[in-house]
Amino acid sequence: MSASNCWGLWAPRSSRTTTDGTTTASGTTALSNAANSTSNGGSAIGQIKTVVVLVMENRSFDHMFGFMKRLNSEIDGLTGTESNPLSLTNPDSAGVARVSDQAPYVDPADPGHSYQDIVLQIFGSHTDTSANPPPMNGFAADAESKQAGLSSTIMSGFAPEHIPVHAALVQEFAVVDRWFASVPSSTQPNRLFLHSATSHGLMSNNTKLLADGLPQKTIFEVVHEAGLTFGIYYQQIPNTLFYRNLRQLKYLDKFYPYDLCFLEDAKRGVLPNYTVIEPRYFDILDEPANDDHPVHDVAQGQKLIKEVYEALRASPQWNEILLIITYDEHGGFHDHVPTPVADVPSPDGLVGSAPPYSFDFKRLGVRVPALLISPWIEKGTGTLYSRNSTTFFPLAKSLRYAQENFFRVGIVSVISAGPGLG
């Protein structure tokens, strides 16, 4: 198989590993050799050779998947009776906002999801964070403080028939109903955690620090050092460039324009061992955002997920693929499951600062949707925490879970056994 003609970020890319474990040109260690040198102890290569990760934006589990309980009663979703008080100071007189299945595709506003907003949403207080488990009773009141009537939006969820792509995947593959955002804060700290096990102390979208780049080691380097391949398919500016190490010249040919490259590479069976897809984060001219971030159209996100799934399903690599679809954080939307607030270790001992708040990273964020998709996964649900006392790394944890519960894997062992990640 010849190498793809697609170009990287600034240069034509080099060889790619094919589905039979050989290389297309030069310089790549055969996949079977790399996998046999992992923690499998030299055993035969596992089934999964390519992990594809698509991370959407700012939706809670209950908001997207809560009513999927109608399709599978094992999912810890919504009964339709859940509610939040509209006021935390006068809860009896102000009334309550109840959940509904009438979530709009385009929200009227972007709900609050800063660290201080989330403290209120989880604990019902800006100052008292001692409750364990937390009451999860401040979502509606926080929304009303931003915009009158916004509580009805953040308490709403999607009926399965309104998000048919998600509904189909929920019925056919594994729903993870205990995946919590790594940080009770906004997008960038959580996206940094996704591929590096830490935000390096970042607890807000600090533009200066992000522009400078964060210095921690990433999953991309772990994969690269194991002799495997990675690639980032971007639609606008790659968010992964906030990792300073990925700005090195040796990684420039690992960034590929999604529209030009992804469908072709999937069709040809040359997707890298660790493949990350970045959605469109902004509405630009005739290209609408498709990341599901409010106030973007959720229908566009459904189109993207459908396109990715169908491209992988038709790929000659399909029988070797694990697709992980999740969301970076909850975006201010209600969820009824208490977030873990105890026995959560700090990944590196750093303390974040966003005055007047500081944070030691010993709590998780709100629950978010997550799907594990592969021909080797049977229908069902999973229980998975994104960080715990043995594994800090959200993606490594999910891969370890998949390995232990669904199949033996080669690339998964490489990732979850990486330095400091196992």
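Start by selecting Gln235 and its contacts (heavy atoms within 4.5 Å): leaving aside residues up to four places away in sequence, Gln235 touches Tyr258, Asp259, Glu278, Pro279, Arg280, Asn290 and Leu304. This is a predicted model, in which local features need pLDDT of at least 70 and side-chain atom pairs count only at pLDDT 80 or more, while totals for chains, interfaces and linings use all residues. Residues are numbered from 1 along each chain as its sequence is written, and side-chain values use heavy atoms, with hydrogens and water left out.

Stay with Gln235 a little longer. You will find Gln235 in the loop between strand S5 (230–234) and strand S6 (255–257); helices (H or I, at least four residues) and strands (E, at least two) are DSSP runs, numbered from the N terminus. Is Gln235 buried or exposed? Gln235 counts as buried because its relative accessibility is 12%; buried means under 20% relative accessible area, exposed over 50%, and partly exposed in between (1.4 Å probe, protein chains only). Now draw a distance to Asp259: the two C-alpha atoms are separated by 7.0 Å, with these positions 24 residues apart along the chain.

Next, pick Phe230 and Lys254. Lys254 lies over the face of Phe230, 5.8 Å from the ring centre; the criterion is NZ of Lys or CZ of Arg within 6 Å of the ring centre and within 35 degrees of the ring normal.

Now for the aromatic rings. The structure holds 15 aromatic pairs, where rings of Phe, Tyr and Trp (its six-membered ring) have centres within 6.5 Å, and planes under 30 degrees apart count as stacked, over 60 as edge-to-face and the rest as tilted. Select Tyr115 and Phe359 to see a tilted pair, 5.4 Å centre to centre with 50 degrees between the planes. This pair links distant parts of the chain, with Tyr115 in helix H4 and Phe359 in strand S10 (residues 357–359), 244 residues apart. Both Tyr115 and Phe359 are buried. Add Phe193, Tyr357 and Phe361 to your selection, and you have one aromatic cluster together with Tyr115 and Phe359.

From Phe193, widen the view to helix H8 (residues 187–196). H8 is mostly covered, with ten of its ten residues buried; among them are Arg191, Phe193 and His195. Just after H8 comes Ala197, whose phi is positive, near 70 degrees.

For a last stop, go to Val106, in the loop between strand S3 (96–98) and helix H4 (115–123). Val106 counts as partly exposed because its relative accessibility is 46%.
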